[in-house]
Amino acid sequence: MTPAQLSVVFFLQLAVIIVACRGVGWLAKRYLGQPQVVGEMIAGVILGPSLLGLLAPDIQGLLFPKESKSVLFVGAQFGVGLYMFLVGLGFRGDHFKSNAVSAAAVSLSGMAAPFLLAILITPWLMSHGLFNEALTLPQTTLFMGACIAITAFPMLARIIHERGLSHTPLGTLSLSAGAIDDAGAWTVLAIVLATFGDGPMVAVKAIGGGLAFAVFMLTLGPRLLAPLGRKAEREGKVSHTTLGIVLILFLLSAWAMDAAGIHAVFGGFLLGCVIPRGVLATELRKQLEPFAVVVLLPMFFTYSGLHTQLTLVDNVELALVTLGILVASILAKGGACWAAARLTGQDNATAMGIGALMNARGLMELIIINIGLQKGIIGPALFSMLVVMAIVTTLMASPLFELVYGRKARARGELGALNEQDSDFAEVREAR
């Protein structure tokens with residue numbers, strides 16, 4: 001396709017993506033009590049070969065020709081990275097410090113149990129031919145462990161925001177543990193890629209580069225960005241020049257983490273964490289959030305959905321494998337995080353709430369299995385099974401959280417009513 005043809009296709013498919021994601025998101029919110037973002041993830045699968053491609057393959061091929069997927073991929077990466085920058089803007093460092101022990105314990109337990117589970121189930125999965133035959137058992141075990149251990153960091157952030165938890169200790173503890181979890185999972189993935197043929201420097205670059213960038217941002221970042229904060233406070237707004245500077249810094253941060261082999265989302269998140277609070281952070285969120293949430297983020301869900309073929313799980317044996325992965329993943333991740341929270345002093349309701357939130361895998365799971373599929377580590381069948389696991393665990397998160405924690409907390413007045421948290425931008429209005 002020529003650039004002009006790609007442009008024509010891009011505008012049409014973006015319009016379809018927004019309509020589908022907003023529509024399915026509204027239905028999920030209205031009738032299932034799910035956050036908008038969960039409906040958007042389902043919409044991505046609907047637009048792929050699992051439904052639209054099955055019912056109307058000609059229309060699906062016209063809307064999403066193979067040549068356009070690279071353009072969609074770039075937009076998707078930009079969207080998820082910018083969204084994580086916005087998540088970082090709402091991150092409360094004081095809550096993290098006060099819950100550091102619990103966050104570390106929850107995170108480490110939420111990684112250890114899934115990797116132990118991976119040791120048990122990976123040989124069984126290999127016997128079904130679900131991994132690349134060139135891979136060894138240690139390689140496949142590490143990859144499967146990373147898939148089960150991953151937490152849906154952006155999804156978790158969105159659920160926490162929509163449930164009114166953004167400024168609570170529980171919300172910050174869950175976000176902190178999720179951040180540590182995902183950094184560890186990406187490090188493991190880098191090791192797998194290194195042993196798979198990309199060379200040991202892949203792992204060295206990922207671990208060393210990620211640590212160096214994090215240390216730089218958390219130590220020098222606040223000082224270097226302080227003048228932008230003071231400027232915004234003096235003017236009472238964020239000028240176009242300031243917005244341009246912040247966006248350049250975001251792009252460079254995303255590039256640094258992508259180049260290191262971690263992921264752009266961590267660059268965006270770390271930058272958001274060190275942006276001075278006050279007028280600068282509030283106005284940046286106000287200006288950037290609507291476009292990132294409504295236009296850019298749905299591109300990622302659609303890109304993942306285009307690679308999901310649920311029709312490959314076409315017999316009882318594979319359906320049982322899918323069910324086994326799902327049940328084992330829920331018990332390992334949710335159970336371990338609950339136990340760790342209890343052991344570090346959290347009451348039972350809070351610990352169960354943390355376990356429910358940490359068990360959501362959505363967006364980050366989609367990212368990591370997309371890499372596995374692109375690199376030839378897993379095949380389309382296992383990819384589709386893991387998509388099912390990502391969707392189901394994310395669908396469970398909000399209802400289960402409300403059941404074990406949210407309803408009672410709202411009755412006590414500790415959280416606002418859900419209808420007060422309904423809007424994607426409620427937090428912006430509150431800050432103003």
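This is a short conversation about the pockets, cavities and helices of a predicted model.

Student: What makes helix H2 (36–46) mostly covered?

Tutor: Let's set the count against the cut-off. A residue is called buried when its relative accessible area is under 20%. In H2, 9 of the 11 residues are buried, so the helix counts as mostly covered. Among the buried ones are Gln36, Val37, Glu40, Met41 and Val45.

Student: Does H2 also turn up around an empty space? Which helices line the second largest cavity?

Tutor: Helix H2, helix H15 (279–305) and helix H19 (380–411) each supply at least two residues of that lining. H15 gives the largest share, with 3 residues. The residues around the cavity include Met41, Val45, Phe301, Ser304 and Ile391.

Student: Why is that space called a cavity?

Tutor: The word is used because a 1.4 Å probe fits inside but cannot get out. The search of the whole structure finds 2 cavities of 30 Å³ or more, and the second largest has a volume of about 30 Å³.

Student: How do you know which class the lining residues of this cavity belong to?

Tutor: Each residue is sorted by its type. Met, Val and Phe, for example, count as nonpolar, while Gly counts as polar. Sorted this way, the lining has 6 nonpolar, 3 polar and no charged residues.

Student: And what is the lining of the second largest pocket like, by class?

Tutor: That lining has 12 nonpolar, 5 polar and 4 charged residues. Altogether 21 residues line the pocket, and Trp186, Asp258, Ile262, His263 and Ile371 lie nearest its centre. Asp counts as charged and His as polar, whereas Trp and Ile count as nonpolar. The volume of this pocket is about 410 Å³.

Student: Which helix gives the most to the lining of that pocket?

Tutor: Helix H10 (169–198) does, with 5 residues. Other helices that supply at least two residues include H5 (69–89), H13 (240–260) and H18 (362–374).

Student: Helix H11 (201–219) is on that list too. Why are H11 and H14 called roughly parallel?

Tutor: Compare their angle with the cut-off. The axes of H11 and H14 (residues 264–274) cross at roughly 15°, and angles under 35 degrees count as roughly parallel. The two helices are therefore roughly parallel to each other. Their axes come within 9 Å.

Student: What is the handedness of the crossing?

Tutor: H11 passes H14 in a right-handed crossing. The name applies because the near helix is turned clockwise from the far one by less than a right angle.

Technical notes:
Residues numbered from 1 in each chain as written. Predicted model: local features only at pLDDT ≥ 70, side-chain atom pairs only at ≥ 80, totals over all residues. Heavy atoms only, no water. 1 Å grid on protein atoms, 1.4 Å probe; cavity = no way out; pocket = protein on both sides within 12 Å on 5 of 7 lines; lining within 4 Å. Points joined across faces, edges and corners; volume = space filled by probe spheres on them. Helix = DSSP H or I, 4+ residues; strand = E, 2+ residues; numbered from the N terminus. Buried < 20%, exposed > 50% of the residue type's maximum accessible area, 1.4 Å probe, protein only. Axes fitted to C-alpha atoms, helices over the stretch in contact; angles between N-to-C directions. Parallel < 35°, antiparallel > 145°, perpendicular 65-115°, else oblique.
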